[in-house]
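Welcome! Let us take a friendly walk through this structure, starting with one helix and moving on to the spaces and strands around the protein.

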Amino acid sequence: MYLILLLRRLRSLCIKELLIIPVVIQSFIFGYAATYDLNFVPYVICDQSRSALSRDLVARLDGSEKFSRQATLDSTAQAEAWIYDGRALLAIQIGSDFADRILSGRNADVQVILDGRNSTTASIALGYLARITEDWNQHLGRTSPVAVVTRAWFNPQLETRWNIMPGMLASLSIIQIMVLAALSVAREREQGTFDQMLVTPLSPWEILIGKAIPPVVVGLAQASLILLVCLFWFDIPFAGSFTDLYISLGVFTLSCAGLGLCISAVSLNMQQALVYCFVVLLPMVLLSGLATPVSAMPEAMQIATYANPLRFALVCVRSVYLEGAPLADIAGNFIPMLAVAAVTLPLAGWLFRNRLS
């Protein structure tokens with residue numbers, strides 16, 4: 001009987017210490033979100049040849065599972081708006097002498113303009129296009145009559161560092177901010193001083209502001225250090241406005257502080273706060289589009305990313321840093337981040353008053 005009671009107590013203790021649900025959730029996220037497969041490649045085409053050969057090549061693109069034609073353009077000048085707005089990942093131009101050159105036994109070039117803001121996605125799309133072109137060449141029975149000539153916008157050499165390092169401005173900051181914010185109230189609870197703070201003349205909003213400002217300041221300071229590394233060590237050219245960049249980071253850090261304070265308010269001690277923090281952080285980073293494209297994720301996960309402020313912060317930072325986008329062009333990305341802040345900050349303030357240890 002004693003042995004049975006002992007085993008039951010040990011089982012209860014093990015269940016208390018094990019984290020089953022987060023592991024299962026993260027396994028699904030890794031399986032579906034952490035993938036370099038690109039299943040949707042939006043493109044625009046400018047076919048100046050309008051010949052049977054050019055139509056056959058375009059038909060092979062449209063018939064593939066990856067490529068989706070968004071528009072047929074009259075000139076490549078129209079492609080700028082499509083790529084700049086992110087509606088097309090690449091623009092393809094087929095010259096007017098395309099068919100004549102192939103029929104006369106000469107090589108013909110297909111001009112491709114890539115969106116280099118996400119070099120990983122652009123490289124994958126270019127690989128798909130090269131494979132289709134190679135198969136088409138073999139179908140013609142000629143030795144490479146068609147060659148793909150590429151030009152990447154915003155990242156001419158398609159260097160991965162140009163994509164990753166500006167993203168670190170937000171990705172590393174969110175870790176610092178959420179950990180500091182999550183530990184703030186949890187530390188007070190563990191030391192027994194939080195209840196004393198609640199009976200002071202300070203209102204919940206004053207406590208909230210006092211707890212939110214330090215992590216935000218630290219996060220912005222860390223982002224500034226990363227920015228200096230990008231500019232002066234890796235020589236990644238900055239194309240935008242520093243004011244626009246810091247406005248974007250300020251909105252982002254506010255939402256991160258709200259998330260961290262909510263975690264801190266529901267945690268009874270620092271250990272719980274750290275566990276909850278990293279359980280939340282890992283999915284946020286995976287679903288942000290930092291390394292793998294959001295468009296490659298299942299539709300349900302793409303919808304879930306709308307609640308992830310890091311996704312929109314990356315869009316803002318990369319747009320300002322790499323392409324020099326003005327504030328008006330990225331302001332739409334502020335809405336999800338402000339929405340997260342508008343929910344989490346008041347919730348944290350309410351929890352400060354009502355979630356007692």
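Helix α13 is a good place to begin: it has 15 residues and reaches 21 Å from its first C-alpha to its last, close to the 21 Å expected at 1.5 Å a residue. Please keep in mind that what you see is a predicted model.

How many of the 15 residues of α13 are buried? The count is 14 of the 15, so α13 is largely enclosed by the rest of the structure. Here buried means under 20% relative accessible area.

Both ends of this helix have something to show. At the N-terminal end, N308 acts as a cap, with a side-chain oxygen 3.1 Å from the backbone nitrogen of L310. After the helix comes G324, whose phi is positive, near 70 degrees.

**The largest pocket**

Helix α13 also takes part in the largest pocket, which holds about 1000 Å³ of space. Its lining has 33 residues, and D85, G86, D115, R117 and V315 lie nearest the centre of the pocket. Three elements give two or more residues to this lining: α12 (299–304), α13 (309–323) and α14 (327–330). Which of the elements gives the most to the lining of the largest pocket? That is α13, with seven residues. By class, the lining of this pocket divides into 15 nonpolar, ten polar and eight charged residues.

**A loop before α12**

Between α11 (270–286) and α12 there is a loop, and S288 lies in it. Is S288 buried or exposed? S288 has a relative accessible area of 4%, so it counts as buried. A polar atom of the S288 side chain lies 3.2 Å from the backbone nitrogen of L290.

**Strands side by side**

Now let us turn to the strands. Strand β3 covers residues 90–94, and four of its five residues are buried, so β3 is largely enclosed by the rest of the structure. Strand β1 (residues 41–47) pairs with β3 in the parallel sense over five bridges. In that pairing, I94 of β3 stands opposite D47.

Strand β4 (residues 108–115) pairs with β3 too, in the antiparallel sense and over five bridges. Here I94 has V110 as its bridge partner in β4, while Q93 has Q111. Strand β4 is mostly covered, with six of its eight residues buried.

Strand β4 also runs parallel to strand β5 (residues 146–153), and eight bridges join the two. Q111 appears again in this pairing, where it stands opposite V149 in β5.

The pairings can be set next to each other like this.

| Strands | Sense | Bridges |
|---|---|---|
| β1 and β3 | parallel | five |
| β3 and β4 | antiparallel | five |
| β4 and β5 | parallel | eight |

**Two cavities**

How many cavities of 30 Å³ or more does the count give? It comes to two.

The largest cavity holds about 50 Å³ of space. It is lined by L57, V58, L61, I92, I94, V110, L129, T133 and V148. The elements that give two or more residues to this lining are α3 (52–63), β3 and α6 (119–140). Among the elements, α3 gives the most, with three residues. By class, the lining of the largest cavity has eight nonpolar residues, one polar residue and no charged ones. The bridge partners I94 and V110 are both among the residues that line this cavity.

The second largest cavity holds about 40 Å³ of space. Its lining is made by V44, I45, C46, L73, T76, A79, A91, I92, Q93, Q111 and I113. Strands β1, β3 and β4 each supply at least two residues of this lining. How do the residues of this lining divide by class, and what is the number in each? There are eight nonpolar, three polar and no charged residues. Another bridged pair, Q93 and Q111, is included in the lining of the second largest cavity.

**Looking back**

To retrace the route on your screen, start at α13, with 14 of its 15 residues buried and seven residues given to the lining of the largest pocket. Then follow β3 to its parallel partner β1 and its antiparallel partner β4. From there, find I92, which is named in the lining of the largest cavity and in that of the second largest cavity.

Technical notes: Residues are numbered from 1 along each chain as its sequence is written. This is a predicted model: local features need pLDDT of at least 70, side-chain atom pairs count only at pLDDT 80 or more; totals for chains, interfaces and linings use all residues. Side-chain values use heavy atoms; hydrogens and water are left out. On a 1 Å grid over the protein atoms alone, a cavity is a set of points where a 1.4 Å probe fits but cannot get out, and a pocket is an open set with protein on both sides within 12 Å along at least five of seven lines; lining residues have an atom within 4 Å of a point. Grid points are joined across faces, edges and corners, and a volume is the space filled by probe spheres set on the points. Ala, Val, Leu, Ile, Met, Phe, Trp, Tyr, Cys and Pro count as nonpolar, Asp, Glu, Lys and Arg as charged, and the others, Gly among them, as polar. Buried means under 20% relative accessible area, exposed over 50%, partly exposed in between (1.4 Å probe, protein chains only). Two strands pair if DSSP finds at least two bridges between them. The expected span of a helix is 1.5 Å times one less than its number of residues. A polar contact is a pair of N or O atoms within 3.5 Å; within protein, one must be able to donate a hydrogen and the other to accept it, and residues adjacent in sequence count only if both atoms are side-chain atoms.
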